[in-house]
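Q: I would like to learn how to read the salt bridges, burial and chain contacts of a model. Please take me through them one at a time.

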Amino acid sequence: MASKNRYDVTEWHAGNPHQDIGAVINSIIADIKARQTDPDKGEGGKPGAVIYIPPGDYHLATQVIIDISYLRIEGSGHGFTSSSIRFNTPADELKTWHEVWPGGSRILVDICADAAGDEAAGAAFHVRRNGNPRISSVEFANFCIDGLHFTGGGAHDTEPENSYVNGKTGIHVASANDSLRMTGMGLIYLEHGVTVYDADALAIEGNFIAECGSCIELRGMGQASRIANNLIGAGYNGHSIYAENHGGLLVSANNVFPRGASSVYFSGVVRSSITGNRIHSFYPGMLIFADNCSENLVSSNHFFRDREPWAPMTAHDNGLDDLFGLLHINGSNNSLIANHISVSIDTRYIKPNDARPVIIRVVSGKGNYIASNHIVATTESSEPDDAPNSACFSTQVGALLSTDNLNTLEVTTVAVEKESFQNIILDSGSDDQVVIDRSVNAFRATPLPGA
Amino acid sequence: MASKNRYDVTEWHAGNPHQDIGAVINSIIADIKARQTDPDKGEGGKPGAVIYIPPGDYHLATQVIIDISYLRIEGSGHGFTSSSIRFNTPADELKTWHEVWPGGSRILVDICADAAGDEAAGAAFHVRRNGNPRISSVEFANFCIDGLHFTGGGAHDTEPENSYVNGKTGIHVASANDSLRMTGMGLIYLEHGVTVYDADALAIEGNFIAECGSCIELRGMGQASRIANNLIGAGYNGHSIYAENHGGLLVSANNVFPRGASSVYFSGVVRSSITGNRIHSFYPGMLIFADNCSENLVSSNHFFRDREPWAPMTAHDNGLDDLFGLLHINGSNNSLIANHISVSIDTRYIKPNDARPVIIRVVSGKGNYIASNHIVATTESSEPDDAPNSACFSTQVGALLSTDNLNTLEVTTVAVEKESFQNIILDSGSDDQVVIDRSVNAFRATPLPGA
Amino acid sequence: MASKNRYDVTEWHAGNPHQDIGAVINSIIADIKARQTDPDKGEGGKPGAVIYIPPGDYHLATQVIIDISYLRIEGSGHGFTSSSIRFNTPADELKTWHEVWPGGSRILVDICADAAGDEAAGAAFHVRRNGNPRISSVEFANFCIDGLHFTGGGAHDTEPENSYVNGKTGIHVASANDSLRMTGMGLIYLEHGVTVYDADALAIEGNFIAECGSCIELRGMGQASRIANNLIGAGYNGHSIYAENHGGLLVSANNVFPRGASSVYFSGVVRSSITGNRIHSFYPGMLIFADNCSENLVSSNHFFRDREPWAPMTAHDNGLDDLFGLLHINGSNNSLIANHISVSIDTRYIKPNDARPVIIRVVSGKGNYIASNHIVATTESSEPDDAPNSACFSTQVGALLSTDNLNTLEVTTVAVEKESFQNIILDSGSDDQVVIDRSVNAFRATPLPGA
């Protein structure tokens with residue numbers, strides 16, 4: 001009577017999972033569908049299954065198509081290691097390395113987007129189903145999806161492994177879905193980590209998604225989802241967290257490290273929260289609200305921006321200048337309350353030259369409430385470090401820890417453009433630090449010490 | 001030497017788990033107790049066991065009685081899908097559905113409360129033990145408990161499946177307990193999802209508990225517990241999160257969606273926190289502090305109330321009117337800081353007619369501190385949608401996203417009743433929006449834009 | 001083709017895991033290393049493995065040495081129960097107890113620090129590796145590490161089991177590391193629960209770490225790590241959470257209960273967050289920032305201090321007096337925003353006699369921003385309870401819940417020492433409650449009710 005609903009990819013009769021785990025999983029899914037045919041038998045009938053991936057290296061040559069609910073795919077190890085450091089380490093040094101690839105229960109993605117550039121074609125896992133109900137409760141847990149190499153940057157790019165481009169996606173959910181869950185995953189060196197269209201009550205939680213072009217993208221529309229407790233960091237040309245047309249999204253307690261053209265990019269998102277996150281970025285526009293984001297809460301976050309300290313990446317940025325706004329707000333009735341924002345940057349790197357950087361910039365909408373934010377701006381003078389390998393760690397930590405001998409940097413803590421009005425700005429900068437038309441907005445300056 | 005402490009319900013020699021998993025698990029527990037008899041043998045002796053439930057449909061005809069510590073029951077899938085949408089879909093449409101029942105590692109609860117209405121009798125899992133020590137470290141993980149049908153509403157109820165009543169409970173913990181843990185569960189169509197008496201250091205985390213009458217109820221007394229990172233939504237006649245006589249409770253980062261007579265109901269709770277949650281409700285009283293709740297913190301939450309947009313449920317509400325207070329506070333020395341509160345409702349639905357809705361209402365106690373809250377009130381004119389099935393998704397998301405063309409709704413952002421005094425209200429509403437006796441309370445108005 | 005990368009300690013051919021699980025795991029690790037030898041074979045080669053520990057009692061006589069990446073060690077139960085209550089229960093009462101030891105997948109640590117006092121020698125799990133890359137993605141999940149007994153306190157200590165000293169550590173990570181993960185663990189009666197040097201992107205999440213001398217210690221340096229969603233409580237002579245020289249650390253949503261000389265102790269930590277935690281302590285100095293902690297955010301936390309209510313522990317404290325500051329801040333540009341702080345203590349226990357307790361004390365640095373904090377100070381008159389056993393629960397909860405009949409206690413809500421300047425203190429105390437040189441700091445008093 002032992003259950004047939006638990007599968008192990010290494011014990012399945014068809015295919016070789018180390019050569020093509022995609023074909024093996026598709027074969028297993030076909031078996032589940034062949035066995036579970038009656039949608040209403042004894043008040044059940046299609047409970048789904050779990051597919052287990054033991055630790056090991058598994059090439060994926062065939063895309064997995066998931067079109068059944070209640071399928072759980074789980075491994076025993078998220079297996080992250082930095083491929084970015086590795087690909088910037090001289091070959092002779094690598095000879096002494098203990099290991100050079102990620103590990104755990106690891107999928108090696110050998111496919112990529114098709115000639116037409118269809119992202120879905122380059123996804124290791126493609127979740128899609130027509131008809132009703134929406135596909136539900138697909139779960140991904142505790143395994144690694146590794147895109148292996150970045151290949152972009154064009155013919156003249158001498159450093160394609162730093163391009164964050166390879167036409168590969170880890171998990172691509174194309175059709176409306178309910179109660180999906182991704183936990184404990186490790187996603188690495190994928191142009192797109194997780195892309196989900198039309199999500200309802202999605203949970204992306206406790207994952208390690210780093211060294212991907214973009215990490216988490218919620219597209220189409222959606223509601224009542226959670227992106228929480230993750231360690232995340234995208235490339236200079238992607239977003240760590242992107243969402244469009246979502247309501248009731250909770251972005252909570254993530255530790256978002258660089259890079260990421262934006263750490264968080266919301267487009268047309270309303271009535272959602274960004275709370276309790278630690279967010280570190282190298283560029284302006286680390287948080288962007290585009291296309292009339294409204295009634296969102298941004299609170300209790302720690303934002304920090306400094307300059308890229310690692311030599312292999314200092315040539316790259318997101319193209320935005322320091323007048324764009326570190327937090328760039330389009331929309332109405334948003335709340336930015338009780339955040340700490342630190343900026344530390346050598347004045348010679350400020351763009352345009354001699355500009356006074358803008359921290360929070362409200363460019364449209366009305367009725368935004370910006371209160372009790374503490375903005376700390378300093379100049380730093382740390383030099384980029386050209387150590388390519390694990391020195392990256394001490395380089396980065398050293399940069400983070402260097403708060404001695406900092407000088408104050410003059411910034412505009414809040415700028416409200418004239419297209420925006422009826423905003424309320426409280427205790428988020430002194431008279432000199434806030435640029436605002438007081439005839440159409442409300443303003444109470446942070447009191448000046450000793451004044 | 002392979003361990004005997006790992007069980008699989010589909011491999012146990014006694015009983016048929018698909019017909020009655022309750023009898024099978026009780027038989028396994030009896031085996032554990034027969035094998036683990038010495039409480040102090042070699043500095044151990046009663047380590048407990050794990051019982052595994054593979055994906056599948058398992059009827060439960062016999063209640064599981066858990067009276068041993070360190071028992072873990074785990075599955076491989078939380079298996080949620082919306083039964084509420086399904087039961088409001090015409091039968092002819094259902095014929096084309098891929099599946100109609102929840103799935104994963106799924107318990108089908110065939111028992112219900114006894115004639116005397118004893119809730120414990122209707123629990124699938126009943127945790128109870130007399131004597132010392134308190135039962136400890138019972139764990140429930142990654143499976144589904146499905147109550148199958150709601151049956152209440154009385155003889156004349158033509159829609160019993162929308163009643164949220166069936167006398168069934170998922171997990172009922174009756175005796176004092178320590179360090180219990182529920183993670184990754186899916187609870188569906190139960191009158192009571194999880195009910196725990198006398199909890200100490202309880203963790204209810206990362207679960208999906210929806211379409212239940214009440215979702216999480218902490219009764220009796222308790223301390224130092226966590227309700228965090230869950231997706232939760234109760235019925236119009238129950239509570240999403242209920243706690244009484246608890247201290248040091250942390251309600252954190254939950255995404256609480258409708259319905260729920262109250263989303264969070266605290267009675268006699270002190271020195272506890274509600275932080276970083278996203279909470280959406282259809283009724284006044286979405287947060288209630290009753291019976292002298294004191295010294296609690298409510299911060300960084302996003303509260304949103306609008307009107308039920310889904311036709312099958314528009315006939316129901318919790319009976320409270322808009323003067324009750326969206327947040328209704330009895331008690332002293334509580335803190336409400338840095339919250340965003342949005343309300344959007346067509347004026348014709350306001351009760352009583354032409355009333356000015358009250359958002360935060362303090363009805364008793366003293367010394368409450370209400371600061372830096374942003375309250376956004378608008379009228380909406382969206383029509384209920386009578387599409388019964390998955391259109392529910394676009395209906396709901398459409399309602400959430402509709403922030404264009406909203407008009408301002410006049411509300412009382414904070415009302416302090418005369419029974420309450422020595423409260424401090426800062427930056428949470430303008431002079432016109434706050435109703436307060438300034439001779440016995442402190443008040444600083446949010447500055448008005450352009451004033 | 002079944003995977004060899006999944007091990008079960010009870011099925012391994014060498015050694016007896018119940019007598020010495022350390023030797024068994026080391027033998028398994030040797031097997032992994034013998035099988036996985038090529039660091040770059042087919043774009044993989046060293047994926048690591050998972051070692052499973054079923055529920056059971058496993059003595060550890062040999063330290064486990066982990067020097068390979070991607071090793072996951074997992075059990076099926078965190079197994080916490082209070083050993084502290086048990087060791088303070090009379091032997092004749094214990095005769096009737098159902099069980100007296102922790103359980104789950106339980107390691108019994110039989111080793112301890114060596115004669116030289118080297119902590120690493122007393123660790124059950126010792127993670128260390130030289131060379132590159134840093135050891136990555138080692139995972140510990142869902143098992144219990146029990147130090148069994150405290151033995152310290154000196155020759156004349158009549159209650160060694162209350163000493164929190166035994167020279168044992170649960171997990172000791174000695175070398176630089178990346179993406180380590182500890183989830184769902186139970187750590188009990190260890191002098192040091194988890195000690196990690198030089199962490200990068202570490203996640204310590206969802207664990208139960210209590211009745212340990214110190215619970216979590218991040219030493220050396222580190223960045224971008226998470227300590228979140230844990231239940232934690234250290235001894236009177238250790239720290240619940242300790243970090244030094246970390247940047248970008250996120251301490252989030254933990255429920256930190258007593259004791260702990262400090263609940264959170266940061267030394268030289270910068271640009272980090274303490275948000276959304278519930279923290280309960282019995283002593284002053286429950287949060288300490290030492291050695292120039294800068295640009296950190298402390299927000300949306302609930303702090304509560306009262307006096308030890310449990311007779312067996314009332315003789316102990318951390319030696320600090322009430323002028324030290326409940327939150328003691330060294331450093332610059334930190335933010336303390338939107339916190340609730342409750343203190344309730346009988347005046348006869350205030351030290352020095354008749355002192356006016358200081359809640360937030362800034363002793364050095366500049367530019368700290370302290371806004372919208374609500375401080376509630378009351379006297380309590382609850383008597384210590386000498387019930388040693390499970391009455392501890394009702395004793396503790398009773399103390400927590402006793403908010404009736406409290407009288408106001410006069411305190412200094414914020415004191416800024418003259419060594420510190422350019423701080424901004426807003427809405428965190430009245431004129432009478434804040435001690436500050438207004439010529440070098442900014443201050444806006446919380447308005448007084450009825451004034």
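Q: How many salt bridges does a search of the whole structure find over all chains?
A: The model is predicted, and the search over all its chains finds 66 salt bridges.

Q: Let us take one inside a chain. Which residue does Asp67(B) meet in a salt bridge?
A: Its partner is Lys33(B), with an N to O distance of 2.7 Å between the side chains. The next step is to place both residues in the chain. Lys33(B) belongs to helix H1 (residues 17-35) of chain B, while Asp67(B) sits in the loop between strand S4 (64-66) and strand S5 (71-75), so the salt bridge ties together parts 34 residues apart in sequence.

Q: Are Asp67(B) and Lys33(B) buried, or are they exposed?
A: Buried means under 20% relative accessible area and exposed means over 50%, with partly exposed in between. Asp67(B) is at 22%, so it counts as partly exposed. Lys33(B) has a relative accessible area of 38% and is therefore partly exposed.

Q: What about Glu295(B): with which residue does it form a salt bridge?
A: With Arg271(B); the closest N and O atoms are 3.1 Å apart. Both residues are in loops of chain B: Glu295(B) between strand S28 (287-290) and strand S29 (297-299), Arg271(B) between strand S25 (262-267) and strand S26 (273-275). The pair therefore ties together parts that are 24 residues apart in sequence. As for accessibility, Glu295(B) and Arg271(B) are buried.

Q: In chain C, how far apart are N and O in the salt bridge of Asp346(C) and Arg348(C), and how is each residue classed?
A: The N to O distance is 3.3 Å. Asp346(C) is buried because its relative accessibility is 13%, under the 20% limit. Arg348(C), at 47%, is partly exposed. Salt bridges can also share partners, as in a network that joins Asp427(A), Arg444(A), Asp427(B), Arg444(B), Asp427(C) and Arg444(C).

Q: How should I read a single residue such as Asp200(C), and where is it found?
A: Start with the element, then accessibility, then neighbours. Asp200(C) is found in strand S15 (residues 192-200) of chain C. Its relative accessible area is 7%, so it is buried. Its side chain makes a polar contact of 2.8 Å with the side chain of Arg134(C). Leaving out residues up to four places away in sequence, Asp200(C) touches Phe393(A) and Gln396(A), and in chain C its contacts include Asn177(C), Asp178(C), Ser179(C) and Gln223(C).

Q: How are chain B and chain A related?
A: Two copies of a chain are related by a rotation about an axis and a shift along it. Here a rotation of 120° with 0.0 Å of shift along the axis superposes chain B on chain A, with an RMSD of 0.0 Å. The two copies are thus related as by a three-fold rotation axis. They use different surfaces, since 6% of the contact residues of chain B recur in chain A.

Q: How many residues of chain B and chain A take part in the contact, and what area is buried?
A: Chain B gives 84 residues and chain A gives 82. About 6000 Å² is buried between them, with 55% of it from carbon and sulfur atoms. On the chain B side, His98(B), Glu99(B) and Phe393(B) lose the most area to chain A, together 12% of what that side buries.

Q: Which polar features cross the interface of chain B and chain A?
A: There are two salt bridges and 39 residue pairs in polar contact. A salt bridge at 2.9 Å, N to O, links Arg129(A) and Glu99(B). Helix H4(B) supplies the largest share of the chain B side, eight residues. By class, that side has 30 nonpolar, 45 polar and nine charged residues.

Q: How many residues are in contact between chain C and chain A, and how many salt bridges are counted?
A: The contact involves 82 residues of chain C and 84 of chain A. Two salt bridges are counted, and Glu99(A) with Arg129(C) form a salt bridge at 3.0 Å, N to O. The side of chain C that touches chain A has 23 nonpolar, 40 polar and 19 charged residues.

Note on methods:
Residues numbered from 1 in each chain as written. Chains lettered and ligands numbered in written order. Predicted model: local features only at pLDDT ≥ 70, side-chain atom pairs only at ≥ 80, totals over all residues. Heavy atoms only, no water. Contact = heavy atoms within 4.5 Å. Salt bridge = Lys/Arg side-chain N within 4 Å of Asp/Glu carboxyl O. Nonpolar A, V, L, I, M, F, W, Y, C, P; charged D, E, K, R; others polar. Helix = DSSP H or I, 4+ residues; strand = E, 2+ residues; numbered from the N terminus. Buried < 20%, exposed > 50% of the residue type's maximum accessible area, 1.4 Å probe, protein only. Polar contact = N/O pair within 3.5 Å; in protein donor to acceptor, adjacent residues only side chain to side chain. Least-squares fit on C-alpha atoms with pLDDT ≥ 70 in both. Buried area = accessible area lost by both parts, 1.4 Å probe.
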